[in-house]
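Let's take a look at the charged side chains in this one and see how they pair up. Have the model open while you read.

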Amino acid sequence: MKKKLKSYGLFRKKPLTTTSESFRVLSVNKTTKEILVHGPFTSLREAQQSADDLKTSEIEAYVQGQQNRVIYRA
């Protein structure tokens, strides 16, 4: 009778930790060059809405992801 071997793979199918996206909103005042950070936000839609609310003629707003890249510009 043959013994059945269990396969222990090198790669896991399920990650050990859960990954969650987080976003932050940066607002830049054009005249004073002041930068403010708002957040963290758990959804991109929430962060975009916040950036749209902050946008004025003097203030520009950006949404950044976890890799510090600009995802959205209001």
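Lys30, Glu60 and Arg73 are tied together in a network of salt bridges. Keep in mind that this is a predicted model. The count comes to two salt bridges, and here is how they line up:

| Salt bridge | Closest N to O distance |
|---|---|
| Arg73 with Glu60 | 3.1 Å |
| Lys30 with Glu60 | 3.6 Å |

Start with the pair of Glu60 and Lys30, whose side chains meet at 3.6 Å, N to O. This pair links distant parts of the chain, 30 residues apart. Glu60 sits in strand β3 (residues 59-64), while Lys30 is in the loop between β1 (23-29) and β2 (35-41).

Now for the other pair. Arg73 comes to Glu60 with the closest N and O atoms 3.1 Å apart. Here too, distant parts of the chain are linked: Arg73 belongs to strand β4 (residues 70-73) and Glu60 to strand β3, 13 residues apart.

So which of these residues are buried, and which are exposed? Glu60 has a relative accessible area of 14%, so it counts as buried, the cut-off being under 20%. Lys30 comes out at 37% relative accessibility, which makes it partly exposed. Arg73 is at 54% relative accessibility, so it counts as exposed, the cut-off there being over 50%.

Why would such side chains get together at all? Opposite charges on side chains can pair when the charged atoms come close.

Terms used: Residues are numbered from 1 along each chain as its sequence is written. This is a predicted model: local features need pLDDT of at least 70, side-chain atom pairs count only at pLDDT 80 or more; totals for chains, interfaces and linings use all residues. Side-chain values use heavy atoms; hydrogens and water are left out. A salt bridge is a side-chain nitrogen of Lys or Arg within 4 Å of a carboxyl oxygen of Asp or Glu. Helices (H or I, at least four residues) and strands (E, at least two) are DSSP runs, numbered from the N terminus. Buried means under 20% relative accessible area, exposed over 50%, partly exposed in between (1.4 Å probe, protein chains only).
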